[in-house]
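Student: Could you walk me through this one slowly? I'd like to understand what I'm looking at before I try to describe it myself.

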Amino acid sequence: MLDRQVVKEFLEEELKDGEIKIPKGIKKSELVETFCLYTEDDFYEWLKDNYKSFFQSSSRNGTDWDWIRGRIKHYSKD
């Protein structure tokens, strides 16, 4: 899901800015892949939580479509 090249460049910059050196025995490609998988796992959980709150928002009886219409209107202003 994540663009590994973008993540690689991001990590290189962040590690450089943080003055963090990758220790011997850890390949950069493995670090990038593991960080991507870690981030994707977290992202999936975040999506599930947001799905629940979005479609169950402000309504004890299920989906509050009026609230969703309001969100659509709000974000369509751009």
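Tutor: Let us start with a term: a residue counts as buried when its relative accessible area is under 20%. With that in mind, and remembering that this is a predicted model, 12% of the 78 residues of the protein chain count as buried.

Student: OK, and how many helices and strands does the protein chain have?

Tutor: The protein chain has three helices and zero strands, and when you read along the sequence the pattern is α-α-α.

Student: What about the overall dimensions, say along the principal axes?

Tutor: Along its principal axes the C-alpha trace of the protein chain spans about 55 × 25 × 20 Å. The radius of gyration of the protein chain is 19 Å, whereas a compact globule of 78 residues would have one near 12 Å.

Student: Switching to helix α2, what span should its residues have, and how far apart are its end C-alpha atoms?

Tutor: Helix α2 covers residues 28-55, which is 28 residues, and at 1.5 Å a residue these should span 40 Å; the end C-alpha atoms are 40 Å apart, so the two values agree.

Student: Which residues in α2 are buried?

Tutor: Val32, Cys36 and Glu40 are buried in α2, and what covers the buried residues of that helix includes α1, residues 4-17.

Student: Hang on, why does glutamate 40 count as buried?

Tutor: Glutamate 40 has 15% relative accessibility, and it counts as buried because that value is under the 20% cut-off. Leaving aside residues up to four places away in sequence, glutamate 40 touches Met1, Leu2 and Arg4.

Student: And how do the axes of α1 and α2 cross?

Tutor: The axes of α1 and α2 come within 10 Å and cross at roughly 105°, which means that α1 is roughly perpendicular to α2.

Student: Which residues meet there?

Tutor: On the α1 side they are Arg4, Val7, Lys8, Leu11, Glu12 and Leu15, and in α2 they meet Lys28, Leu31, Val32, Glu33, Phe35, Cys36, Leu37 and Glu40. The residues of this contact of α1 with α2 divide into eight nonpolar, no polar and six charged.

Student: Last thing, what share of the contacts in the protein chain joins residues at least 24 apart?

Tutor: If you take the contacts in the protein chain between residues at least 6 apart in sequence, 43% of them join residues at least 24 apart.

Conventions:
Residues are numbered from 1 along each chain as its sequence is written. This is a predicted model: local features need pLDDT of at least 70, side-chain atom pairs count only at pLDDT 80 or more; totals for chains, interfaces and linings use all residues. Side-chain values use heavy atoms; hydrogens and water are left out. Helices (H or I, at least four residues) and strands (E, at least two) are DSSP runs, numbered from the N terminus. The expected span of a helix is 1.5 Å times one less than its number of residues. Buried means under 20% relative accessible area, exposed over 50%, partly exposed in between (1.4 Å probe, protein chains only). Contact means heavy atoms within 4.5 Å. Axes are lines fitted to C-alpha atoms, for helices over the stretch in contact, and angles run from 0 to 180 degrees between N-to-C directions. Angles under 35 degrees count as roughly parallel, over 145 as roughly antiparallel, 65 to 115 as roughly perpendicular and the rest as oblique. Ala, Val, Leu, Ile, Met, Phe, Trp, Tyr, Cys and Pro count as nonpolar, Asp, Glu, Lys and Arg as charged, and the others, Gly among them, as polar. The radius of gyration is taken over C-alpha atoms; the globule rule is 2.2 Å times the number of residues to the power 0.38.
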